Structures are given as C-alpha cells and as structure tokens.
Amino acid sequence: MATHQVYFFGKLEGLDAHYTLAFGCHGRDIFQDRKLFYSQNLCDWYLLLEPKHWSADWEFIKRPFQGDPAFKLEVELGPEFTLNEDQVPIEGETKKFSLKEQDRLWYAMTRILQEAALVPRGVLYHSTEGECIINPFYGGMDINESMKIVNYQHFRKPIYAAKENLLKREACSYFLDVFDTADDVIPERSFVATHDSERDVFVLKSLHWPGLCNFHRAGSNIYGFFYFGDGRKNWDMLFMM
C-alpha cells in the first residue's frame with residue numbers, strides 16, 4: 001500500500017554526512033502504520049524499519065551519529081547496579097552491545113516525535129471510529145490561548161487516560177481534549193516558549209531534544225514542528241535550569 005501523506009520532519013546531522021527526515025501515513029489516521037523515511041541526497045529516499053530488537057538504553061548513547069546507515073557502533077554504557085538486602089549498591093556487569101546506525105536513527109526519530117513534537121489544541125481530532133486525524137477545519141488559537149502550555153498537545157496517540165486529560169479543562173470536548181498535553185513531561189519546564197509579537201508567532205523549543213522546534217501563528221491555521229539536531233537526548237536538562 002502506498003503512503004498517501006508525507007510530511008517533512010527535518011535534518012539529523014552526522015560527522016560525515018547528514019540525514020534528511022520525513023514521515024508518512026496511509027490514510028486518515030495520522031498515527032496508524034506510520035512510516036519513517038530518510039535521505040542523504042534529497043533524491044533517493046529509504047524506509048526506516050523498526051528493528052526486531054531495540055532497547056530504551058539507546059537513549060543514553062552520547063556518541064554522535066556517523067552519517068553512514070550501515071555503520072556499526074560498539075556501545076559501552078557502564079556497569080549496572082543492584083541493591084543487596086542492606087540497600088548497599090553492588091556493581092554488576094558492564095552493558096555492552098553493537099548497534100547499526102540505521103536502527104539508531106529509527107529509534108531517535110521515533111522518540112523525538114513521541115516526546116517533543118507538539119501541535120496546538122484542535123489540530124488533532126479523535127473520531128468516533130477511534131481514528132486520530134488532522135482536523136481540516138482547524139482555525140487557530142487566539143493569543144491568550146497560545147500562551148498556555150496546556151493548549152499544546154503531543155503529536156502522538158494518547159498514552160494517558162482520557163479522564164486525566166479531560167479534567168485539565170473546565171470546558172472540554174472528548175474529540176479534541178483526549179490527547180496528552182505538553183505540560184505532562186516536567187510541568188512547564190520541558191519547553192522554552194518565545195513569542196514574536198510582530199507576527200504573533202509562538203515557538204516552543206524542546207530542552208529534552210535540542211533542535212526540535214514547534215510553532216504556531218495565533219489566529220491562523222499555520223502550525224508545525226521541525227527538527228535540526230544531532231539525534232542525542234539532553235540528559236543534563238535538569239542541571240541547566
């Protein structure tokens with residue numbers, strides 16, 4: 001089945017070459033069977049397949065991307081620790097594994113979209129059939145609404161209970177407010193918000209994933225996000241505040 005909608009996502013910078021990134025979907029549901037793509041020359045595009053085996057440990061890799069999809073990285077994350085019966089840490093074996101860069105690229109792109117990509121409230125619509133679709137009638141938020149972090153939602157299927165998200169608002173709509181809001185990672189600290197008062201454009205930059213920017217022009221249907229970074233998560237964020 002061909003991909004019906006394709007969206008530009010950004011560029012991930014490597015030491016020797018860069019990856020231009022995009023994602024697409026088959027039909028109305030923006031998250032159903034989503035496909036990820038990369039290119040290194042803007043002409044030839046390749047599908048990023050989910051690895052058969054992957055681990056959340058990949059987020060802790062600090063080495064930069066090489067820029068070669070076939071490059072194999074030997075990773076050493078340091079020892080694991082367990083607690084004995086006296087709650088004293090005991091050093092265990094060192095975590096070591098090899099990782100193909102193409103698989104790491106899939107993981108980085110997936111996590112960035114999951115954790116840092118945002119859209120204004122009203123862009124995503126949860127249909128009665130359970131589909132998550134782009135609202136074709138979205139007309140924008142006003143300036144006051146655009147200033148509130150709770151009015152920006154994660155660009156993903158909701159992972160929190162519907163009741164939890166709906167209770168955040170006095171007046172809510174199940175079809176619009178079932179999605180997770182941007183204040184759920186670390187309240188009001190995961191994103192840096194700026195406002196261009198001349199154009200009424202609001203920009204929210206991710207601190208977890210430097211290079212990810214979300215934008216919205218108040219009173220219009222202009223919105224989006226893009227990523228220009230090195231694919232590494234900022235684990236020092238809490239120490240930078």
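Trainee: Let's start with strand β12: is it mostly covered or mostly open?
Mentor: Mostly covered. In this predicted model, β12 spans residues 201–206, and five of its six residues are buried.

Trainee: Which strands does β12 pair with?
Mentor: One partner is β11, residues 191–196, which pairs with β12 in the antiparallel sense over six bridges. Another is β13, residues 212–217, again antiparallel, over five bridges.

Trainee: Can you give me a bridge partner on the β11 side, say for F191?
Mentor: Sure, F191 is bridged to S206 in β12.

Trainee: And for K205, what sits across in β13?
Mentor: That would be C213.

Trainee: What about the turns, which residues have a positive phi there?
Mentor: In the hairpin of β11 and β12, with four residues between the strands, D200 takes a positive phi near 55°. The hairpin of β12 and β13 has five residues between its strands, and there G211 has a positive phi near 110°.

Trainee: OK, moving to the other end of the chain. How do β3 and β4 pair?
Mentor: They are antiparallel, with four bridges between β3 (residues 35–39) and β4 (residues 45–48). F37, for instance, has L47 in β4 as its bridge partner. The two strands form a hairpin with five residues between them, and L42 in the turn has a positive phi of about 65°.

Trainee: Does β3 have a link to β2 as well, and how many bridges are in it?
Mentor: Five bridges join β2 to β3, and the strands run antiparallel. Within that pairing, G24 is matched with K35 in β3. As for cover, four of the five residues of β3 are buried.

Trainee: Switching to aromatics: how many pairs are there?
Mentor: The structure holds 20 aromatic pairs. Take F23 and F225: their ring centres are 6.3 Å apart and the planes are at 10°, so the pair is stacked.

Trainee: Where do those two sit in the chain?
Mentor: F23 is in β2, residues 18–25, and F225 is in β14, residues 223–229. They are 202 residues apart, so this pair links distant parts of the chain.

Trainee: And are those rings buried or exposed?
Mentor: Buried: F23 has a relative accessible area of 3%, and F225 counts as buried at 11%.

Trainee: Which residues make up the cluster that F23 is part of?
Mentor: One aromatic cluster is formed by Y7, F9, F23, F31, F155, F225 and Y227.

Trainee: What charged residue lies over the face of F23?
Mentor: R34 does, at 6.0 Å from the ring centre. There's another arrangement of this kind at F65, where the charged end of R104 sits over the ring, 4.0 Å from its centre.

Trainee: R104, is that in a helix? Which one?
Mentor: R104 is one of the buried residues of α1. That helix covers residues 101–115, has 15 residues and reaches 21 Å from first C-alpha to last, close to the 21 Å expected at 1.5 Å a residue.

Trainee: How much of α1 is covered?
Mentor: Mostly all of what you'd look at: 11 of its 15 residues are buried. Among them are L105, W106, Y107, M109, I112 and L113, along with the charged E101 and E115.

Trainee: Now cysteines. How many disulfides are there?
Mentor: Zero. C25 is in no disulfide, and the nearest cysteine sulfur, that of C132, is 11 Å away.

Trainee: Why does that distance rule out a disulfide between C25 and C132?
Mentor: Because a disulfide needs the two sulfur atoms within 2.5 Å, and here they are 11 Å apart.

Trainee: Are those cysteines buried or exposed?
Mentor: Both are buried: C25 has a relative accessible area of 0% and C132 has 2%.

Trainee: Last topic, acidic residues. What does D177 contact?
Mentor: Its side chain is joined to that of R121 by a polar contact of 2.5 Å. D177 is found in helix α4, residues 174–177, and is buried, with a relative accessible area of 2%.

Trainee: And E74, buried or exposed?
Mentor: Exposed, at 55% relative accessible area. E74 lies in β5, residues 72–83. E74 and K100 are 26 residues apart in sequence, with 9.0 Å between their C-alpha atoms.

Key:
Residues numbered from 1 in each chain as written. Predicted model: local features only at pLDDT ≥ 70, side-chain atom pairs only at ≥ 80, totals over all residues. Heavy atoms only, no water. Buried < 20%, exposed > 50% of the residue type's maximum accessible area, 1.4 Å probe, protein only. Pairing = 2+ DSSP bridges. Expected span 1.5 Å × (residues − 1). Phe/Tyr/Trp six-rings, centres within 6.5 Å; stacked < 30°, edge-to-face > 60°. Lys NZ or Arg CZ within 6 Å of the ring centre and 35° of its normal. Polar contact = N/O pair within 3.5 Å; in protein donor to acceptor, adjacent residues only side chain to side chain.
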